Amino acid sequence: MNSKTFVLHGKQDEFVTISSSEIIDTIILGNDIDIKYAIVSGDFDMRRIVSANRKDGLATTITGNITINNSEIMGNTYLEHLCFDGIVSFEASVFNGQAGFRSSIFNNGISCPSAIFNGNVDFRTSIFNRDTNFAESQFLRGAKFKSCKFGGNADFDTTSFGTESEICSIANSVYFDTAEFSKDVSFNSANFNTNVFFSAVVFNGEANFKSAKFKRIADFRAASFGGNFFFIDINISEGPCVPEGKIDLSFATFKKHAVFSNASFSMCIIR
């Protein structure tokens, strides 16, 4: 049976309002969501549905496409332990609360270019079976991609992590530790205002960090680089919590070329 499409488009200078519960009801029916220039009220929370399905031994699969672009989600977002078979897009949307996508499967990847995450973001142990796009997005608090599997190319170009004024804490750090990138990943011109952990990450394709800026610690301990590693025009500067810009590549392995060119940092550990 062909799915229907729920369409709600406001205007750039005149947003429309819709409740999260109405969107969830439409998703449950297997219909596509096409929302643009909207205010989404309430918590976008599907945990109760997931929990009910788990009691019956069922997985929760979202069959339709979810497109919520150029919109603002006012509450928290919890789309955890879900399997998304269709397109998932939050292009240029704003998440004002927490954004939880933990342990979900994105069979068509996810597209969030120019999105703004004002709260903590959690994608831990999620699987992206196609390309992932977070280019030019802003993660203003902590972001967790720990143990994620990226099956397609991953684009984090010009993405900002943290803010220069934020308080240093574990909660505000960025975690990619033990993640695996099957294809190329790009952090070109990314801005890391907080500590970032790539420890024990497996990079099977090229890993590009050209013109990236690191304000605090960059931890690549025990990372494995199966493709070329580009660390070009890098600036690791002093921050309020780290008296010296520091990159740690202890026990990292490089199977192809590792290119360090015009890289500026106070401390680099390689052993």
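Cys83 in strand β10 has Ile105 in β14 as its bridge partner. Strands β10 (residues 82-84) and β14 (residues 105-106) are joined in parallel by two bridges; strands are counted as paired if DSSP finds at least two bridges between them. The model is a predicted one, in which local features need pLDDT of at least 70 and side-chain atom pairs count only at pLDDT 80 or more, while totals for chains, interfaces and linings use all residues. Residues are numbered from 1 along each chain as its sequence is written, and side-chain values use heavy atoms, with hydrogens and water left out.

**Strands and sheet**
- Helices (H or I, at least four residues) and strands (E, at least two) are DSSP runs, numbered from the N terminus.
- An open sheet of nine strands with parallel pairing follows the order β6-β10-β14-β18-β22-β26-β30-β34-β38.
- Its edges are β6 (60-62) and β38 (253-254), each of which has a single partner strand, so one side of each lacks a neighbour in the sheet.
- Strand β4 pairs in the parallel sense with β2 (residues 16-19) over four bridges, with Val16 opposite Ala38.
- Two bridges also join β4 to β8 (residues 72-73), again in parallel, and here Ile39 stands opposite Glu72.
- Side chains alternate along β4 (residues 38-41): Ala38 and Val40 point to one face and are buried, whereas Ile39 and Ser41 point to the other and are not.
- Buried means under 20% relative accessible area, exposed over 50%, and partly exposed in between, with a 1.4 Å probe and protein chains only.

**Helix α1**
- The buried residues of α1 (residues 20-28) include Ser20, Ile23, Ile24, Thr26 and Ile27.
- They span an arc of only 160° around the axis, which places them on the same side of α1; the arc is that of the directions from the helix axis to the C-beta atoms.
- Gly30, just after α1, adopts a positive phi of about 85°.

**Aromatic rings and charges**
- Rings of Phe, Tyr and Trp (its six-membered ring) pair if their centres lie within 6.5 Å, with planes under 30 degrees apart counted as stacked, over 60 as edge-to-face and the rest as tilted.
- This rule gives 59 aromatic pairs.
- One of them is the tilted pair of Phe134 and Phe139, with 5.7 Å centre to centre and 50° between the planes; both residues are buried.
- Phe176 and Phe198 have ring centres 5.1 Å apart and planes at 10°, so this pair is stacked.
- Phe176 lies in the loop between β25 (174-175) and β26 (180-181), and Phe198 in the loop between β29 and β30 (202-203), 22 residues apart; both are buried.
- A charge sits over a ring if NZ of Lys or CZ of Arg is within 6 Å of the ring centre and within 35 degrees of the ring normal.
- Arg47 lies over the face of Tyr78 at 3.7 Å from the ring centre, and Lys210 over that of Phe230 at 5.0 Å.

**Asn195**
- Asn195 occupies the loop between β28 (191-192) and β29 (196-197) and counts as buried because its relative accessibility is 16%.
- Its side chain reaches the backbone nitrogen of Ile217 at 3.1 Å.

**Cysteines**
- The whole structure has zero disulfides, a disulfide being a pair of cysteine sulfur atoms within 2.5 Å.
- For Cys112, the closest cysteine sulfur is that of Cys148, 13 Å away and therefore too far for a bond.
- Cys112 is buried at a relative accessible area of 2%, and Cys148 is buried at 0% relative accessibility.

Terms used
Polar contact = N/O pair within 3.5 Å; in protein donor to acceptor, adjacent residues only side chain to side chain.
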